[in-house]
Amino acid sequence: MIWFKTNFNKWPKVDTCGEVQQFIDTMCEEYQVPPIKVIVRSTSWVEWFAGEGVIACAFWPNEDEEDADFGRYIVFDGQKCRISGKERNPVKIQHRYQTAERIHTIIHEFIHHYFHYHEGINTSNHGRKFRQMEKKMNAQYGIFFFYAWNNYAKFFHNFWGFPFGKKRPNAADRGWDMR
């Protein structure tokens, strides 16, 4: 018997680049920001572009640059973010916490886009407003976490404080039961 009602959104299906693009487009509409293109690349490419240890980044050219029409992009390291660049080959997910981290990473990069568009600020330091929005958006999907010393989310857990752990994700965790 359940004594509480959960109002969490179901975890979206984000196994491939197209599915991540759909999830980001939905958030763009909801938060009234222009669309942003999703790209999935290799670890070496992302580290070459954004720096060593980076697994995802949002970027856009400055308005005064000659390639300002270039567009807005979010790039994900396909291997570390567990996202397939091909539409028919989902990356294997071994543990439930990997699914929570993946959804969190997508939301995290979207928030960079949100603040750049609405406030025109650089959020690379993950300031207070950034972290507040990150906690709120993740909580909509039942993902809670603590921040590590470097202002990145770590230690993902559910509402009750139980870690997502190494249990294999089920279909609902992967977003596969969407109807």
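In these legends, a residue is called buried when its relative accessible area is under 20%, exposed when that area is over 50%, and partly exposed in between. The model shown is a predicted one.

**View 1. A salt bridge links helices H3 and H4 through Glu119 and Lys129.** Glu119 has a relative accessibility of 37%, which lies between the two cut-offs, and therefore counts as partly exposed. Its partner Lys129 is likewise partly exposed, with a relative accessible area of 47%. The closest N and O atoms of Lys129 and Glu119 are 3.0 Å apart. Because Lys129 belongs to helix H4 and Glu119 to helix H3, the pair ties together parts that are ten residues apart in sequence.

**View 2. Two further salt bridges involve Lys13 with Glu19 and Asp15 with Arg102.** The structure holds three salt bridges in total. In the pair formed by Lys13 and Glu19, the closest N and O atoms are 2.6 Å apart; Lys13 is partly exposed at 34% relative accessibility, whereas Glu19, at 14%, counts as buried. The side chains of Asp15 and Arg102 meet at 3.1 Å, N to O, and both residues are buried. Since Asp15 lies in the segment before H1 and Arg102 in helix H3, this pair ties together parts that are 87 residues apart in sequence.

**View 3. Helix H1 lies across strands S1 and S3.** The helix comprises the 14 residues 17-30, and its end C-alpha atoms are 20 Å apart, in agreement with the span of 20 Å that is expected at 1.5 Å a residue. H1 runs at about 150 degrees to S1. Among its buried residues are Val20, Phe23, Ile24 and Met27, and what covers the buried residues of H1 includes strands S1 and S3 together with helices H3 and H4. After H1 comes Gln32, which has a positive phi near 55 degrees.

**View 4. Three strands form an open sheet of mixed pairing, in the order S1-S3-S2.** S1 and S2 stand at the edges, each with a single partner strand, so one side of each is left without a neighbour in the sheet. Neighbouring strands are turned by 20 degrees against each other on average, direction ignored. S1 and S3 run parallel and are joined by five bridges; Val38 has Ile74 in S3 as its bridge partner.

**View 5. Lys167 occupies the loop between strand S5 and helix H5.** Leaving aside residues up to four places away in sequence, Lys167 touches Gln94, His95 and Arg96. The C-alpha atoms of Lys167 and Tyr97 are separated by 8.1 Å, although these residues stand 70 residues apart along the chain.

Definitions and conventions: Residues are numbered from 1 along each chain as its sequence is written. This is a predicted model: local features need pLDDT of at least 70, side-chain atom pairs count only at pLDDT 80 or more; totals for chains, interfaces and linings use all residues. Side-chain values use heavy atoms; hydrogens and water are left out. Helices (H or I, at least four residues) and strands (E, at least two) are DSSP runs, numbered from the N terminus. The expected span of a helix is 1.5 Å times one less than its number of residues. Buried means under 20% relative accessible area, exposed over 50%, partly exposed in between (1.4 Å probe, protein chains only). Contact means heavy atoms within 4.5 Å. Two strands pair if DSSP finds at least two bridges between them. Axes are lines fitted to C-alpha atoms, for helices over the stretch in contact, and angles run from 0 to 180 degrees between N-to-C directions. A salt bridge is a side-chain nitrogen of Lys or Arg within 4 Å of a carboxyl oxygen of Asp or Glu.
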